[in-house]
Amino acid sequence: MNLTPGYRSLLDSQARARKLRLFRAGIGYPALIIGIVGSYRKHGTVDTAVSEILEAAAHQGAEVRKIYLQDQHIEFCTNCRHCLQVPGRGPCVHDDDMAQILDAIEAADALVLGAPVNFGNVNALTRRFLERTVCYGYWPWEAKAPLPPTSKPPKKAVLVTSSAAPGFLARWLTGALSALKDLARMLGAKPIGSLWLGMIDPRHSQLSAAQRRRAQYLGHQLAIAS
Ligand SMILES: Cc1cc2nc3c(=O)[nH]c(=O)nc-3n(C[C@H](O)[C@H](O)[C@H](O)COP(=O)(O)O)c2cc1C
């Protein structure tokens, strides 16, 4: 797995220890916000919006990182339910990049989750990632249904999606927002807002002035809420 130096530092336990020291000293620490880009296109619409949100959060003093799912080795869930036999994050039968991605996410204070709409829902790459977050569930063999989590989601999240259809229509007619909400829930995050980028022409990935303003507002809100 190719980790950027910044991403690797996330996984460094010293970073967590530093936060704790600063917190105990009453100095506080910058919120760490991770953007997850499920789009296939770097610098595409979703990526551009996630960047805008992260930049606004950084402007408020947050530390920000971005993970492109397309750069990670993520296997499909096998539906074996092995990981569901223990409460909390269960062990997965796969040996891929997923554990390191989840370590990074667990170390973060807030998330930006972005994915485009393909065939009426989030794209396959994001769906594959979502399915693997099942490791946070708890469904022992003797239980008829999954047992609900007992703790409240500790993080905040902003959800971003884009579609060729107008935003108001796609929001209503597609399952993308619901899937991103599921993803936030599985990752222990509560959405505080969403950005839907409708009428997307993939030849032009720039955001409109209104979309930029909304992205900046959400980044600002995420930083101050974290
Ligand atoms: C295979 C495929 C399926 C798509 N399905 C839909 C769809 O069901 N509804 C829609 O509004 N847009 C659909 N689109 C358009 C994409 O949502 C749009 O190009 C995407 O949001 C651009 O995001 P990006 O710039 O991050 O790549 C589809 C595009 C592709 C390539």
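Me: In β6, which residue is the bridge partner of Thr 161?
Reply: In this predicted model, β5 and strand β6 (residues 189-197) pair in the parallel sense over 8 bridges. Thr 161 also has a partner in β3, since Ala 115 is bridged to Thr 161 of β5. In β6, the bridge partner of Thr 161 is Trp 196.

Me: Over how many bridges do β3 and β5 pair, and in which sense?
Reply: β3 covers residues 110-118, and β5 covers residues 155-162. One of the pairings between these strands joins Ala 115 to Thr 161. The two strands run in the parallel sense, and the number of bridges between β3 and β5 is 7.

Me: How many of the residues of strand β5 are buried, and what does this say about its place in the structure?
Reply: In a regular strand, side chains point alternately to the two faces of the sheet. In β5, Lys 155, Ala 157, Leu 159 and Thr 161 lie on one side and are buried, and Lys 156, Val 158, Val 160 and Ser 162 on the other side are buried as well. The strand is therefore largely enclosed by the rest of the structure, the count of buried residues being 8 of the 8.

Me: Is Val 160 buried or exposed?
Reply: Val 160 has its place in strand β5, and, leaving aside neighbours within four places in sequence, its contacts include Val 46, Ala 49, Val 112 and Leu 195. A residue needs 20 or more other C-beta atoms within 10 Å to be classed as buried. Because Val 160 has 30 C-beta neighbours inside 10 Å, Val 160 counts as buried.

Me: How far apart in space are Val 160 and Thr 45, C-alpha to C-alpha?
Reply: Thr 45 is among the residues that come nearest to the ligand, while Val 160 belongs to strand β5. In sequence, Val 160 and Thr 45 are 115 residues apart. In space, their C-alpha to C-alpha distance is 9.8 Å.

Me: Which residues around the ligand come nearest to it?
Reply: The shell around the ligand divides into 9 nonpolar, 8 polar and 2 charged residues, and α3 (45-59) and β3 (110-118) each supply at least two of its residues. Of the 19 residues around the ligand, those that come nearest are Gly 44, Thr 45, Pro 116, Ser 163 and Ala 165.

Me: Among contacts in the chain between residues at least 6 apart in sequence, what percentage join residues at least 24 apart?
Reply: The chain contains 8 helices and 6 strands, and of its 226 residues 36% count as buried. For contacts between residues at least 6 apart in sequence, the share that joins residues at least 24 apart is 81%.

Conventions
Residues numbered from 1 in each chain as written. Predicted model: local features only at pLDDT ≥ 70, side-chain atom pairs only at ≥ 80, totals over all residues. Near = placed C-beta within 6 Å. Helix = DSSP H or I, 4+ residues; strand = E, 2+ residues; numbered from the N terminus. Nonpolar A, V, L, I, M, F, W, Y, C, P; charged D, E, K, R; others polar. Buried ≥ 20, exposed ≤ 12 C-beta atoms within 10 Å, placed from the backbone. Pairing = 2+ DSSP bridges. Contact = placed C-beta atoms within 7 Å.
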